[in-house]
Structures are given as structure tokens and as C-alpha cells.
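Biologist: Could you sit down with me and go through this model? I would like to hear the reasoning behind each label.

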Amino acid sequence: MATRGFFDHINAQGEDATARGKHAGFECRKAIDKSSFRVGLGENLSEVPRASRVITIGDRKTYDWITVEGVARLAVEGWMNSRGHRENILGRTYSESGVGVAVSSNDVYVTQLFC
């Protein structure tokens with residue numbers, strides 16, 4: 001997302017988190033009961049601006065950069081204020097999680113995957 005300039009759960013190849021995981025050699029299988037299982041990853045995304053404010057005076061720009069802690073706080077606050085994202089974090093559907101962060105020139109992209 002950071003290098004291609006988009007923000008979506010589906011990438012340019014039409015793959016969701018489950019398809020991207022499978023393409024990378026990871027498949028999330030969760031037992032439902034003794035005879036059945038579920039396959040699929042959950043995903044939370046956040047796009048946080050790198051700066052909270054940009055001041056331009058003539059040709060000079062000054063940035064109020066958001067700290068690493070600020071990026072984490074904004075991402076998690078956004079997820080916790082969204083019913084579906086909150087359920088991914090607090091619900092019993094998933095027992096494992098991983099987080100990835102990528103920085104573009106203007107934004108920080110945070111992806112949290114669940115299995």
C-alpha cells in the first residue's frame with residue numbers, strides 16, 4: 001500500500017488477506033469442532049499521517065511529526081472505535097496476531113493480521 005499508493009483490504013491483484021497469506025505460503029486453519037475447520041485471515045488496516053501539521057512559510061516547510069507512539073495510539077484508537085476491527089482484536093475468533101508497518105512519504109500504514 002505504501003509503495004503503490006492505495007488503502008484497501010483488496011490489493012491490485014484482487015487478493016484479500018487470506019489469498020495474500022496463501023500466496024506467501026501461510027494458511028490459517030482454525031478447528032471449529034472435531035470434524036470441521038475454518039480457513040481465513042482477519043485484517044485490520046490503518047493509515048496515519050506522518051505529520052499532524054505542516055506549516056509553509058515561503059519555500060520553507062516545517063513539520064510536526066507524529067511519534068511512533070502516536071502512530072500506534074491513532075491506529076489502535078481507530079480500530080477500537082470500529083465494531084468489526086474491535087471484534088477482531090477482542091473476540092474469540094482469532095488466537096494469533098501479527099502487525100506490519102510501512103512508511104510512505106506522507107503516511108504510515110499499519111496492518112494487523114489475525115489467525
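Biologist: Let's start with a pairing: which residue in strand 7 does Gly98 stand opposite?

Modeller: Gly98 stands opposite Leu113 in that strand. Keep in mind that this is a predicted model.

Biologist: What makes strand 6 and strand 7 a pair?

Modeller: Two strands pair if there are at least two bridges between them. Strand 6 and strand 7 have 7 bridges, in the antiparallel sense, so they pass that cut-off. The two strands also form a hairpin, with 3 residues between them.

Biologist: And what makes strand 3 and strand 7 a pair?

Modeller: The reasoning runs along similar lines: strand 3 and strand 7 share 8 bridges and are antiparallel, and the cut-off is at least two. One of the partnerships links Leu45 with Thr111 in strand 7.

Biologist: Why is the sheet of these strands called open, and which are its edge strands?

Modeller: The order of the 3 strands is 3-7-6, with antiparallel pairing. Strand 3 (42-49) and strand 6 each pair on one side only, and that makes them the edge strands. From one strand to the next, the twist averages 15°.

Biologist: What makes strand 4 and strand 5 a pair?

Modeller: Strand 4 (residues 51-57) meets strand 5 (residues 60-65) over 6 bridges in the antiparallel sense, against a cut-off of at least two. Thr56, for example, has Lys61 in strand 5 as its bridge partner. Strand 4 and strand 5 make a hairpin with 2 residues between them, and Gly58 in the turn has a positive phi of about 65°.

Biologist: How do you know that a disulfide joins Cys28 to Cys115?

Modeller: The S to S distance for Cys28 and Cys115 is 2.1 Å, and a disulfide calls for sulfur atoms within 2.5 Å. The pair therefore qualifies, and the structure holds 1 disulfide. The link of Cys28 and Cys115 is right-handed, with 100° about the S-S bond.

Biologist: Why can you say that the pair ties together parts that are apart in sequence?

Modeller: Cys28 sits in the loop between helix 1 (17-23) and strand 1 (29-33), while Cys115 is in the segment after strand 7 (107-114), so the parts tied together are 87 residues apart in sequence.

Biologist: Are Cys28 and Cys115 buried or exposed?

Modeller: Cys28 and Cys115 are both buried, which means that each has under 20% relative accessible area.

Biologist: Now the empty space. What makes the lining of the largest pocket mostly nonpolar by class?

Modeller: Its lining has 12 nonpolar residues, set against 1 polar and 1 charged. Of the 14 lining residues, Thr67, Val68, Val71, Val101 and Val108 lie nearest the centre of the pocket. Helix 2 (68-80), strand 6 (97-103) and strand 7 each give two or more residues to the lining, and helix 2 gives the most, with 6. The space in this pocket is about 190 Å³.

Biologist: How many cavities of 30 Å³ or more are there, and which residues line the largest cavity?

Modeller: The count is 1 cavity of 30 Å³ or more, and the largest cavity holds about 30 Å³ of space. It is called a cavity because a 1.4 Å probe fits there but cannot get out, whereas a pocket is open. The largest cavity is lined by Thr18, Lys22, Phe26, Glu27, Cys28, Val39, Gly40 and Leu41. By class, that lining has 4 nonpolar, 2 polar and 2 charged residues. Cys28, then, belongs to the cavity lining and also to the disulfide.

Conventions
Residues numbered from 1 in each chain as written. Predicted model: local features only at pLDDT ≥ 70, side-chain atom pairs only at ≥ 80, totals over all residues. Heavy atoms only, no water. Helix = DSSP H or I, 4+ residues; strand = E, 2+ residues; numbered from the N terminus. Buried < 20%, exposed > 50% of the residue type's maximum accessible area, 1.4 Å probe, protein only. 1 Å grid on protein atoms, 1.4 Å probe; cavity = no way out; pocket = protein on both sides within 12 Å on 5 of 7 lines; lining within 4 Å. Points joined across faces, edges and corners; volume = space filled by probe spheres on them. Nonpolar A, V, L, I, M, F, W, Y, C, P; charged D, E, K, R; others polar. Axes fitted to C-alpha atoms, helices over the stretch in contact; angles between N-to-C directions.
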